[in-house]
Amino acid sequence: MLRKIAFGLLFAAGLSIGVRAQDAAGTIAAVKKAMGAETVKSITYSGAAATGNFGQSKNIAGPLAMTAIAGYRRAIDFEQPYSRAIGTTMPPAVPGAPPPQPGAFNQGIAPNAAWAAQIEIYLTPWGFLKGAAANNATATSQRSGGKAVTVISWSPSQKSPSGQPYRVAGYINDQQMIERVETWIEHPVMGDLHVEQAYTDYRDFGGVKVPGKIAQRRGGFQTFEATINEAIANPANIADLLQPPTAPGGGRAGVPGGAPAGGAAPAPPPVQSEKLGEGAYRITGGYVSIAVEFKDYVVVLEGGQNEARGLAVIAETKRLIPGKPIRYVVNTHPHFDHSGGLAPFAAEGITIITHDNNRDFLEKALNNPRTLVGDALAKSKRKAKVEGVGDKRVLADNTRTIELHHVKDLEHSDGMLISFLPKEQVLFTGDFNVPAAGQAASPAIKTLVDNVERLKLDFHRHVLVHAPTPDRTLTKADLLALLKSGS
């Protein structure tokens with residue numbers, strides 16, 4: 001029976017594993033020869049591309065809106081390794097917002113970058129072969145998608161946060177071309193995040209085979225695509241190609257959206273709290289949360305952007321309201337910078353409340369295998385519990401009430417919740433930010449005001465997840481004034 005179950009799982013995955021072992025070194029050499037990659041130490045390729053805003057889409061379950069990248073160019077020095085990708089971006093149009101404006105794509109990946117960034121180098125055909133040659137690769141024959149392929153697998157010297165090795169696998173067709181490369185990296189929401197990059201339409205550029213089409217998927221979502229029309233192996237000016245582009249007015253541009261550098265993460269800001277009313281506290285020192293005391297339990301509004309913040313909010317809540325369990329944490333919306341702190345709550349058995357549009361995604365993501373993450377949820381062995389909200393949900397007992405309302409017609413997220421505390425007359429919102437002085441309010445502010453008026457919410461204080469700078473008390477009048485003053 002166990003053998004039947006195992007065979008069924010393999011069949012469902014579309015693979016027949018371990019048909020025969022192969023000589024990995026010989027296979028790597030054959031692929032290098034077929035691709036003209038034997039002497040490739042660096043490369044630059046260019047064309048047109050597009051990137052998706054992974055984890056920040058209107059519907060968290062996708063598909064992702066893609067930002068076009070004109071003049072896309074990536075240069076990689078595999079000896080360091082170092083990579084630089086540049087281009088001119090044009091975001092998609094947003095209904096009700098001003099026309100999108102061109103921007104700059106500038107992604108630098110330095111030799112000391114974290115593995116989660118370096119994979120952009122090792123997912124390429126040439127980077128993959130270099131990693132395979134240096135890291136005791138293995139090769140097996142399998143069937144994938146109904147055809148025979150050779151799979152080369154290897155693990156880098158870097159280890160995941162849990163201490164488990166990473167794994168990189170490349171799929172080689174009968175023409176000795178790399179069709180796709182896949183790996184798994186740690187992610188605070190999605191656990192072991194599957195990343196794969198597919199290659200088609202190979203063309204010959206000076207004796208080196210380069211894919212004409214590149215497509216990357218993360219967690220099943222297409223997050224990058226490119227059409228390549230030029231490529232040069234071992235360019236003489238590789239050092240110049242790796243430099244950041246020149247910023248307007250001289251100097252070098254920064255690296256927006258670039259790879260994180262290696263080394264320890266910066267310490268989170270110290271947690272502070274203030275009383276909003278009896279049994280209700282605003283917790284600051286990062287993304288703002290609110291802890292609310294009920295008769296027999298506690299509710300936390302907003303879990304924070306990462307595990308460190310989530311743990312800090314839990315600890316501060318327990319200090320402020322000792323002796324009562326946290327029963328719920330309310331997720332304003334599922335964008336990764338607002339759901340990245342949910343895992344430590346799930347690790348304690350705390351139920352996550354989110355909008356119905358997010359429920360299935362968060363439940364699946366947080367309950368993915370977490371062998372690489374090494375976080376509190378992975379160590380707890382618990383399954384995350386997620387409950388959904390439709391248009392409205394009320395949490396209440398004989399001491400107080402919290403109203404949770406869905407924000408309708410919002411472009412930023414179709415799964416946004418706002419919280420209203422009638423007793424304290426407090427409105428709590430996420431991502432309806434106060435604009436900088438002299439700047440117009442975003443279209444999201446008008447959407448929030450429309451919903452506040454539709455729901456007839458009467459509040460004296462408006463608490464934002466992203467506290468304004470400088471941090472100050474905001475009122476309902478302040479919110480309404482944003483639509484008129486533009487400041």
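Start by selecting Arg143 and Ala148: Arg143 stands opposite Ala148, a residue of strand S7. What you have open is a predicted model, so please keep that in mind at each stop.

**Stop 1: the strands around S7**

Widen the selection to strand S6, residues 138-144, and S7. These two strands pair in the antiparallel sense, with seven bridges between them. Now look at the turn: S6 and S7 form a hairpin with two residues between them, and Gly145 in that turn has a positive phi of about 60°.

Next, add strand S8, residues 168-172. S7 and S8 run antiparallel and are joined by five bridges. To see a facing pair here, pick Val151 and Tyr171: Val151 stands opposite Tyr171 in S8.

Is S7 mostly covered or mostly uncovered? Colour residues 147-154 by accessibility and you will find S7 mostly covered, with six of its eight residues buried.

**Stop 2: Arg370**

Now jump to Arg370, in the loop between helix H9 (356-366) and helix H10 (376-380). Why does Arg370 count as buried? Because its relative accessibility is 8%, and buried means under 20%.

Show side chains, and draw a distance from Arg370 to Asp375: a polar contact of 2.6 Å joins the two side chains. Then display the neighbours. Leaving aside residues up to four places away in sequence, Arg370 touches His187, Pro188, Val189, Gly191 and Asp192, and also Ala343, Ala365, Asp375, Leu377 and Ala378.

**Stop 3: the second largest pocket**

Time for some empty space. The second largest pocket holds about 1,000 Å³. Select Asn53, Gln56, Val94, Glu411 and His412 to land in the right place, as these are the closest to the pocket's centre among its 32 lining residues. Helix H11, residues 443-455, supplies the largest share of this lining, with three residues. Colour the lining by class and you get 18 nonpolar, ten polar and four charged residues.

**Stop 4: the cavity**

How many cavities of 30 Å³ or more does a search of the whole structure find? There is one, and the space in this largest cavity is about 40 Å³.

To frame it, select Arg282, then Arg461, His462, Val463 and Leu464, then Pro468, and finally Asp471, Arg472, Thr473 and Leu474; together they line the cavity. Strand S24, residues 461-464, gives the most to this lining, with four residues. By class, the cavity lining has four nonpolar, two polar and four charged residues.

Methods. Residues numbered from 1 in each chain as written. Predicted model: local features only at pLDDT ≥ 70, side-chain atom pairs only at ≥ 80, totals over all residues. Heavy atoms only, no water. Buried < 20%, exposed > 50% of the residue type's maximum accessible area, 1.4 Å probe, protein only. Polar contact = N/O pair within 3.5 Å; in protein donor to acceptor, adjacent residues only side chain to side chain. Contact = heavy atoms within 4.5 Å. Pairing = 2+ DSSP bridges. 1 Å grid on protein atoms, 1.4 Å probe; cavity = no way out; pocket = protein on both sides within 12 Å on 5 of 7 lines; lining within 4 Å. Points joined across faces, edges and corners; volume = space filled by probe spheres on them. Nonpolar A, V, L, I, M, F, W, Y, C, P; charged D, E, K, R; others polar.
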